Amino acid sequence: MPKYENYKCPVCHRQFEKNDDIVTCPECGTPHHRECYKLVGHCVNEGLHKNDYSFLEAEKPMKKEPEEIYYSPSENEDLQGEDIINEAKAQSVKDDEESNNDDKSKKAQGGFSPFQTIQIDMGQYSEKGEIDGVSITDIAATIRNNVPRFISKFKQFSEKKKKLSWNWSAFFFGSFYLLFRKMYKQGIAFFCLVISVIIGGEAAIMKFAPQYIEAMQSFINSYDTSKAISTADLQGIMAAPDSMTAVKIAYIILGVILVLRIIQALFADYFYKTTVFSIIKSVTDKLDNGANFTQTYIFFGQDEQLDQNQMKALYLSNKGGVSFFAPFAAYFAFYILMMFI
């Protein structure tokens, strides 16, 4: 049986001692402390088994550099000839665990850092099968909220080879809905388009209806906040010769924004499908390259061990799901921009 004193346990990263209780993987020979193996529930290098991974061939033992200690004999010692050098050599092992933990972990996980997950309760979606080669279980875990609706939409896209549907939330809330569903690229793109339309429209009004702008500024400067806006006030603004030009430009702005909302409503579900599938693909690719999940405990009293499939579902739900922060951040950004336009 090989000696493992010059290796580290891939779970706790402590170097094996002579009397440690060690178990090895029957497939690749990776040694673990017995308690560490029970904690993980499987070989740490399980993801590498399909590549005929062998621990003893892939891993090099840690060499302990000998340090020579010299001393000069005292006058009381019975010495003959020249000073005698003590040839006793002491082994010193430097504790470099902190600096090596990341490298050892990445090597054990096939070149990727372990995924960190939080143990929470999450219901499982009952329907099985695949959509365009992607597991419905993974899709449901990533969607997390309103799963049946989106699973149905994704199936329609796959079966009918279409990209259009209708999403009322996207129509009413526009970019804020896309950001809420973590479609960040599409959400930011449409948000910038809307801002550009508003800024461009304001610039057009200032250029083609300057008298209307002057009438508006005059009204704002003389407006008494204690009084309601009267019909006479509005008539005074609209009396500007180019007021109808300003109104037409305003209608064009609203029309363009309405068209953008319709486009978002038509493509929102398809955008969401591409986002969900992209998240799942990124995780699957890492797992295929030998990465594993590592369970992280945050709350006291948690001792239930999750398997890799459960931790994958939790990780996907964290990467997917919804975000309340993104749409609120976009709203405040929009509000600040409007103050300066």
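In the predicted model, helices α11 and α12 are oblique to each other, because an angle of roughly 140 degrees falls outside the range over 145 that would count as roughly antiparallel and also outside the 65 to 115 that would count as roughly perpendicular. The axes of α11 and α12 come within 10 Å, and the crossing in which α11 passes α12 is right-handed. On the side of α11, the residues that take part in this meeting are I279, I280, V283, T284 and L287, and they are in contact with K312, Y315, L316 and K319 of α12.

Helix α12, which spans residues 308-319, also meets helix α4, which spans residues 136-143. The axes of these two helices come within 6 Å and cross at roughly 45 degrees, and α4 and α12 are therefore oblique to each other, since the angle is not under 35 degrees, as a roughly parallel pair would require, and does not reach the 65 to 115 of a roughly perpendicular one. Here too the crossing is right-handed, with α4 passing α12. The contact is made by D138, A141 and T142 in α4 with K312, A313, L316 and S317 in α12. K312 and L316 thus appear among the α12 residues that meet α4, and K312 and L316 are likewise among those that meet α11.

Attention may next be given to the aromatic side chains, for which the count comes to 20 pairs. One of these pairs is formed by F154 and Y272, whose ring centres lie 6.3 Å apart and whose planes stand at 50 degrees, so that the pair is described as tilted, a term used because the angle is neither under 30 degrees, as in a stacked pair, nor over 60, as in an edge-to-face one. Since F154 belongs to helix α5 (residues 147-160) and Y272 to helix α11 (residues 243-288), the pair ties together parts that are 118 residues apart in sequence. Both partners are buried: F154 has a relative accessible area of 0%, and Y272 has a relative accessible area of 2%, values that count as buried because they are under 20%.

Elsewhere, Y4, Y7, F16 and F55 form one aromatic cluster. Charged side chains are also placed over aromatic rings, as with R149, which lies over the face of F150 at 5.1 Å from the ring centre, and with K273, which lies over the face of F277 at 5.3 Å from the ring centre.

Conventions. Residues numbered from 1 in each chain as written. Predicted model: local features only at pLDDT ≥ 70, side-chain atom pairs only at ≥ 80, totals over all residues. Heavy atoms only, no water. Phe/Tyr/Trp six-rings, centres within 6.5 Å; stacked < 30°, edge-to-face > 60°. Helix = DSSP H or I, 4+ residues; strand = E, 2+ residues; numbered from the N terminus. Buried < 20%, exposed > 50% of the residue type's maximum accessible area, 1.4 Å probe, protein only. Lys NZ or Arg CZ within 6 Å of the ring centre and 35° of its normal. Axes fitted to C-alpha atoms, helices over the stretch in contact; angles between N-to-C directions. Left-handed = near helix turned anticlockwise from the far one by under 90°. Contact = heavy atoms within 4.5 Å.
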